[in-house]
Amino acid sequence: MKGAQIDITSLLDIRRICKSFKRPDGSELLVLDGISLVVNEGEIIGLLGRSGSGKSTLLRLIAGLAPPSTGSITYLGKEVTAPPPGIAMVFQSSALFPWLTVLENVQLGLEALRLPVKELHRRAIKAIDLIGLDGFESAYPRELSGGMRQRVGFARALVVHPNILLMDEPFSALDVLTAETLRTDFLDLWSEGQLPIKGVILVTHNIEEAVLMCDRIFIFGSNPGCILNEIRVELPHPRARLDPAFRDLVEHIYVEMTSQAVLVPAGKRVELFPGTGIGTILPRVSSNSLSGLLEAVAASPYNGEADLPVIASSLHMEINNLFPVAETLQMLRFAEISGGDIRLTTEGKQFADFDTDRRKQLFARNLLTYVALAAHIRRVLDERPAHRAPWSRFADELEDYMPPAAALQTLRTIIALGRYAEIFSYDDEKQIFNLDNP
Amino acid sequence: MNKQHGLAAKLSHRFSALFWDLVAILLVLGLIVFLAQASRGLMQPLTAPGETAISLDASALPEYALRTSLRMLAAMILSLLFTFTYATWAAKSQRAGQILIPLLDILQSVPILGFISVTVVFFMSFAPGKILGAELAAIFAIFTSQAWNMAFSFYQSLRTVPVELAEASRSFRLTPWMRFWKLEVPFAMPALVWNMMVSMSAGWFFVVASEAISVGSTTVTLPGIGSYIALAIDQRDLDAVGRAIAVMLIVILIYDQLLFRPLVAWVDHFHFEQHADRVPPRSWVLTALRRSRWVAIIFAPLARIWRWTYQISGGVTYKERFHQNETGASIASWLDWLWYGGIAMVCTFLSWKIKIFVLQGVALDEVGTAILLGCSTMVRVFVLIAIASIIWVPVGIWIGLRPGAARIVQPIVQFMAAFPANLLFPLAVSGIVALQLNPDIWLSPLMILGTQWYILFNVIAGASTIPGELRDIGTNLGVRGWLWWRRIALPAVFPFYMTGAVTASGGSWNASIVAEIASWGNTTLKAHGLGAYIAEATADGDFHRIVLGIAVMSAFVVVINRLFWRPLYTLAERKYRLG
């Protein structure tokens with residue numbers, strides 16, 4: 001926390017941005033709706049949300065890689081219409097050029113500045129030293145571990161001395177230990193004022209990461225992406241994960257994120273309850289992860305009721321993995337989620353106790369009762385004399401309610417669940433749903 | 001309502017692909033007709049270039065070999081220039097890509113071998129009486145056998161540059177020129193070098209065929225291995241044929257060691273997928289070059305100049321902006337109209353040209369004959385591919401599963417694929433003449449002589465990628481004999497086999513033009529087929545029949561590709577690709 005409130009100047013001003021993409025058939029798909037936020041000097045801003053909430057799209061708009069449909073982004077008083085000098089980005093996959101050495105990769109950021117070769121070299125070496133890569137200058141990315149690669153990604157972004165650093169889930173592809181080391185190293189440099197940057201925007205789906213690093217956190221909702229809430233983190237650095245205030249904040253954010261209407265259908269039909277219409281986008285979950293979570297919650301020490309942050313860390317799941325599974329369980333009435341807790345229903349507890357055959361029967365019953373799409377597919381197959389229907393029959397129908405990619409994912413999920421429940425089968429070769437029992 | 005809208009979009013998309021294919025066919029056909037007509041007009045004053053006597057003396061061979069390989073090199077450079085410009089244009093401009101890509105697809109299927117005569121005449125008209133025209137024609141012929149697949153691979157690479165790398169280079173504000181050399185070219189390199197090697201094999205075949213060409217009464221000979229062997233055939237000199245083959249082997253070996261091995265070793269670090277545990281290819285030439293201080297001294301200024309071009313490209317203050325504003329949109333729509341109008345006009349002109357050409361000299365029953373002959377060549381190609389598959393698939397799998405054997409055999413097969421099979425034709429033809437065999441049957445194997453190696457080569461590559469676990473589980477479950485082939489080996493190599501078979505089939509069609517008709521001294525053997533038809537028309541200087549023959553053959557290749565190979569290929573990729 002730097003300085004008093006008065007002399008804070010705004011680096012970046014985002015006003016009422018909307019972004020929509022054109023679908024192949026010409027209609028528009030809204031992915032970001034009315035986003036407004038201001039980034040002040042000395043702040044780390046977190047954009048927190050699950051996959052598909054448009055946070056990465058927003059980051060690309062800020063980086064000048066794509067234009068917003070409406071609204072404006074102003075950086076240091078000028079509107080962003082192209083990648084501006086002074087905004088650099090760290091990518092999730094580190095996005096290094098495999099044919100360039102560490103040094104050359106870091107220099108790449110400077111090439112466009114047309115500096116003399118010596119200056120180029122000096123600055124690159126300095127950035128490499130700062131980020132703890134000395135000795136690796138001549139290595140190729142393939143020779144480095146994931147953590148080292150991401151350090152090169154940081155060095156490449158810092159070498160241009162940007163005012164704003166954009167980070168797109170920079171730690172999510174790393175293992176837990178490496179990610180933690182990188183985070184604390186970054187925070188140390190940041191709080192010691194060693195970094196040339198004035199502001200950071202971090203996209204993440206990891207709640208603890210956001211609380212650990214950010215000064216302000218914007219919670220994003222999906223379909224279309226929008227800001228649901230802004231949370232100020234006033235804990236002093238370095239923050240300790242086990243500090244009760246830290247835990248409270250994490251818990252609070254979990255509650256915020258689970259109290260929102262889950263699985264909101266996209267498009268025309270507005271369903272009040274999740275899973276009651278075929279327009280519901282189903283997340284990518286498998287029957288294994290569903291029964292896995294059910295069993296974990298049913299077993300001790302939880303005995304049917306668990307705190308989401310607690311079970312998330314014990315299962316090593318982040319919210320983009322945990323929430324879809326938990327919400328699908330809720331949709332199937334095997335569990336209830338409220339106030340950051342997951343609680344098994346009677347049927348959920350039964351499921352955990354049953355053997356495979358009875359589990360499947362119970363699963364089939366709930367799938368047909370509570371997931372409209374499953375019931376719909378089964379009904380269509382029952383009605384047709386040959387009990388067969390092509391993929392496109394349902395894909396076309398779903399695309400009325402959701403973008404094609406979501407329709408694809410929804411159908412894949414319902415096929416996986418339907419196969420497990422043995423309520424229908426699917427022949428991928430012929431792309432046909434049928435009732436043949438293998 | 002929405003659904004119908006989507007359906008209409010899908011339909012119109014499918015229709016538009018067909019539409020652009022048709023435009024491309026029209027353009028290619030029109031171009032050939034245009035060339036043929038231009039050449040015919042120039043035919044009369046054509047004089048044989050300053051006579052170059054070819055000597056069958058062994059001491060002349062090194063010089064001939066050098067000239068032949070220089071021609072190859074010139075064509076390769078030309079192909080690279082074409083690749084970098086044409087493919088880049090097609091990838092960067094949506095408008096241009098719409099027509100350039102189908103055009104490339106059709107050009108790939110045209111048997112240019114049948115058209116060498118026409119291009120020879122065309123180029124010689126630029127420099128009448130001089131050897132330069134013939135040289136240009138030969139280089140052009142080689143170029144046409146190399147450029148298309150290289151351009152295609154480069155285009156595909158440009159379209160599949162990883163999104164994050166593209167975003168990174170944009171967010172670091174690299175200029176398009178820098179992006180091209182720092183990101184796009186390196187990313188495309190591995191595929192491009194692979195295609196250069198395939199192209200080179202095709203090129204050797206063409207260089208041999210294009211050095212000694214007779215059109216009507218005019219014969220053009222360029223000093224080179226091809227004309228050497230043509231003379232040897234004429235004089236029934238088996239020793240000379242043997243010498244030429246031996247020299248060719250050496251030339252290809254040198255090319256391999258000095259050019260392609262170093263290239264393959266060099267492009268290895270451009271591979272985007274990185275497996276740390278893979279043994280990288282090595283080349284003693286590259287290692288020597290890398291360690292040499294002289295090379296470093298020579299290259300340092302070049303590198304400086306290169307860096308300077310980056311700076312210059314930035315100097316033209318490059319501003320990337322979003323095209324959004326009203327004026328931009330109206331200009332774009334204007335350009336659209338201009339572009340489509342231009343295409344429509346060119347197409348109308350060409351169809352008019354083709355119509356006149358066809359009406360002038362092509363009888364309907366002639367078309368029937370050509371199609372019938374095409375069918376007979378088609379039967380040959382399919383039977384040969386089938387026979388080659390039956391032989392080489394099991395052999396390839398056997399070799400591929402034994403890493404030791406594969407290491408030895410793979411370079412040999414690669415080498416065999418590069419060797420111009422037409423150099424071996426005289427040996428076979430002299431045998432057929434001596435034994436008085438039926439040319440309709442026995443000339444056919446020549447068509448696949450050079451192209452069968454693609455099948456073997458790809459199957460070996462496929463078999464060596466079968467995961468060890470898959471083989472272990474087969475052993476574990478006691479899967480043996482025919483079941484093992486049916487359930488494990490054949491499905492695993494199927495996608496690779498398809499790649500090989502498609503290449504072999506295309507190459508065989510092309511080879512039919514030189515393989516279906518062959519001579520040994522003054523004896524000429526002829527098989528009934530479209531290749532022989534084109535070759536005969538060339539010898540007669542009958543441009544109408546040449547164009548007809550080429551058009552029919554292109555149609556056969558395109559239709560077979562679309563209706564037979566492509567669906568099979570898609571199936572192979574979808575169902576059987578491992579991992």
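## Exercises on a predicted model

Both faces of strand β9 in chain A are covered: Arg216(A), Phe218(A) and Phe220(A) are buried on one side, and Ile217(A), Ile219(A) and Gly221(A) are buried on the other. Keep in mind that this is a predicted model.

**Exercise 1. Work out how many residues of β9(A) are buried, and which strands pair with β9(A).**

Step 1: start with burial. β9(A) spans residues 216-221, and six of its six residues are buried, with buried meaning under 20% relative accessible area.

Step 2: look for a parallel partner. Strand β3 (residues 43-48) of chain A pairs with β9(A) in the parallel sense over four bridges. If you want a spot to zoom in on, Leu47(A) has Phe218(A) as its bridge partner in β9(A).

Step 3: now the antiparallel partner. Strand β10 (residues 226-232) of chain A runs antiparallel to β9(A), and six bridges join the two. Here Gly221(A) stands opposite Cys226(A).

Step 4: check the connection. β9(A) and β10(A) make a hairpin with four residues between them, and Asn223(A) in the turn has a positive phi of about 55 degrees.

**Exercise 2. Find the strand order of the open sheet that holds β14(A), β15(A) and β16(A), and say why β14(A) and β15(A) each have one side without a neighbour.**

Step 1: the order is β14-β16-β15 in chain A, with antiparallel pairing.

Step 2: β14 (388-390) and β15 (425-427) of chain A are at the edges with a single partner strand each, so one side of each has no neighbour in the sheet.

Step 3: from one strand to the next, the twist averages 25 degrees.

Step 4: zoom in on one pair. β14(A) and β16(A), residues 432-434, are antiparallel over three bridges. Pro390(A) has Ile432(A) as its bridge partner in β16(A).

**Exercise 3. Compare the span of helix α4(A) with the expected one, then find what its buried residues pack against.**

Step 1: α4(A) covers residues 146-158, which is 13 residues. From first C-alpha to last it reaches 19 Å, close to the 18 Å expected at 1.5 Å a residue.

Step 2: 11 of the 13 residues are buried, so to speak of α4(A) as mostly covered is fair. Among the buried ones are Met148(A), Arg151(A), Phe154(A) and Leu158(A).

Step 3: within chain A, the buried residues of α4(A) pack against β6 (87-90), α2 (102-111), α3 (117-130), β7 (164-168) and α5 (176-191). Across in chain B, they pack against α6 (163-171).

**Exercise 4. Which residues touch the most other members of the largest nonpolar core?**

Step 1: that core has 210 residues, and Leu12(A) and Ile201(A) touch the most other members.

Step 2: helix α7 (residues 176-210) of chain B supplies the largest share, 19 residues.

Step 3: leaving out residues up to four places away in sequence, the residues Ile201(A) touches include Leu12(A), Val39(A), Leu47(A), Ile62(A) and Met167(A).

Step 4: there's also a second, separate core of 116 residues, which includes Ala127(A), Leu195(A), Val380(A) and Leu411(A).

**Exercise 5. Test the radius of gyration of chain A against that of a compact globule.**

Step 1: for 438 residues, a compact globule would have a radius of gyration near 22 Å.

Step 2: chain A has 24 Å, which agrees.

Step 3: add some context. The C-alpha atoms fill a box of roughly 75 × 50 × 45 Å along the principal axes, and buried residues make up 56% of the chain. Of the contacts in chain A with a separation of 6 or more, 66% link residues 24 or more positions apart.

Notes: Residues numbered from 1 in each chain as written. Chains lettered and ligands numbered in written order. Predicted model: local features only at pLDDT ≥ 70, side-chain atom pairs only at ≥ 80, totals over all residues. Heavy atoms only, no water. Pairing = 2+ DSSP bridges. Axes fitted to C-alpha atoms, helices over the stretch in contact; angles between N-to-C directions. Expected span 1.5 Å × (residues − 1). Buried < 20%, exposed > 50% of the residue type's maximum accessible area, 1.4 Å probe, protein only. Contact = heavy atoms within 4.5 Å. Core = buried A, V, L, I, M, F, W, Y, C linked by side-chain atoms within 4.5 Å. Rg over C-alpha atoms; globule rule 2.2 N^0.38 Å.
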